Structure formats: C-alpha cells, structure tokens
Amino acid sequence: MSNQYRHGSSRRPSQFTSLYVANLDPQVSDETLVQMFSGFGKIIRSVRAKDFRGQSRGFAFIEFESSVSAEQAAEQMNGRLIVGQRILCVERTPKVDEGDYSTR
C-alpha cells in the first residue's frame, strides 16, 4: 500500500504543500521557524514537535498555501546551515495533524 493511499492524500507527488523539517536547534522558536520559511510563500500552519516537558524534539512540520512555495522552500532550505550551526534536512511529507507525530 502506498504512502499516499495510507495517508488519504489524492495529490500527485508534485502537488505537496507540507514539509518535514529536521535537525532544528532546540533554541529555534516558533517565530524563528516561520520567519525562516515565510519568504517562500504563505504558511498556513507550522507545528514544532515538543516533548512532554515542552522541550523541542528537533523537528517540525510546515504547511504552505501552495505547492510551488513548498517545493521552493524544500529545494532552497534543505542542506542550509541555520541558527545553532545545524544543517537542516527538509523533505516533503503528507499533511500531518498536530497529534500525529507525538508518539513516534
């Protein structure tokens, strides 16, 4: 069974609007995360993963209004050195609800 089918997405792979952002420095705030990606287009939602103490788990999900914005962000931000001297890993992902990643 394909990932698209399991996640209920009928979009073609080129029409993704959500990104998975890994290797975030724990000091990166929600506001900084949005600032880093807002230059690519309108962000509908960003969710930074946190543990039970409210500490960053080092990854986030960002959903853009358009697939063009998401694709540009993925291409230009993947491998970029950011705050905290970390290299970002940015990949496209199916849409993720806020609670979907909490137990992984």
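**Exercise 1. In this predicted model, determine which residues Ser18 touches, leaving aside those up to four places away in sequence, and whether Ser18 is buried or exposed.**

Solution. Begin with the contacts: beyond the residues up to four places away in sequence, Ser18 touches Ile62, Glu63, Glu91, Arg92, Thr93, Pro94 and Lys95. Next, place the residue in its element, which is strand 1, covering residues 18-22. Finally, turn to accessibility: the relative accessible area of Ser18 is 4%, and because buried means under 20%, Ser18 is classed as buried.

**Exercise 2. Establish how many residues of strand 1 are buried, and in which sense strand 1 pairs with strand 3 and with strand 6.**

Solution. Take the covering of the strand before its neighbours: four of the five residues in strand 1 are buried, so that the strand is described as mostly covered. On the side of strand 3, the pairing with strand 1 is antiparallel and runs over five bridges, and Ala22 has Phe59 as its bridge partner in strand 3. On the side of strand 6, which spans residues 89-93, the pairing with strand 1 is likewise antiparallel over five bridges, with Tyr20 standing opposite Glu91. Glu91 is also one of the residues that Ser18 touches.

**Exercise 3. Find the salt-bridge partner of Arg48, and describe where the two residues lie and how accessible each of them is.**

Solution. The partner is Asp30, and the closest N and O atoms of the salt bridge are 2.7 Å apart. The pair links distant parts of the chain, given that Arg48 belongs to strand 2 (residues 43-50) while Asp30 belongs to helix 2 (residues 30-38), 18 residues apart. As for accessibility, Arg48 counts as buried at 15%, whereas Asp30, at 31%, counts as partly exposed.

**Exercise 4. Work out which parts of the chain are tied together by the salt bridge between Glu65 and Lys42 and by the one between Arg45 and Glu63.**

Solution. Consider Glu65 and Lys42, whose closest N and O atoms are 4.0 Å apart. Glu65 sits in the loop between strand 3 (56-64) and helix 3 (67-77), and Lys42 in the loop between helix 2 and strand 2, so this salt bridge ties together parts that are 23 residues apart in sequence. Glu65 counts as exposed, with a relative accessibility of 53%, and Lys42 counts as exposed at 53%.

Now consider Arg45 and Glu63, which form a salt bridge with their closest N and O atoms 3.6 Å apart. Because Arg45 lies in strand 2 and Glu63 in strand 3, the pair ties together parts that are 18 residues apart in sequence. Arg45 is partly exposed at 25% relative accessibility, while Glu63, with a relative accessible area of 9%, is buried. Glu63 is also among the residues touched by Ser18.

To set these pairs in context, the structure holds six salt bridges, and those that share partners join Asp30, Arg48 and Lys50 into one network.

**Exercise 5. Decide whether Glu31 is buried or exposed, and state how far apart Glu31 and Ser46 are in sequence and in space.**

Solution. Glu31 is found in helix 2. Its relative accessible area is 55%, and because exposed means over 50%, Glu31 is classed as exposed. For the second part, Glu31 and Ser46 are separated by 15 residues in sequence, and the distance between them in space, taken from C-alpha to C-alpha, is 9.6 Å.

Methods
Residues numbered from 1 in each chain as written. Predicted model: local features only at pLDDT ≥ 70, side-chain atom pairs only at ≥ 80, totals over all residues. Heavy atoms only, no water. Buried < 20%, exposed > 50% of the residue type's maximum accessible area, 1.4 Å probe, protein only. Contact = heavy atoms within 4.5 Å. Salt bridge = Lys/Arg side-chain N within 4 Å of Asp/Glu carboxyl O. Pairing = 2+ DSSP bridges.
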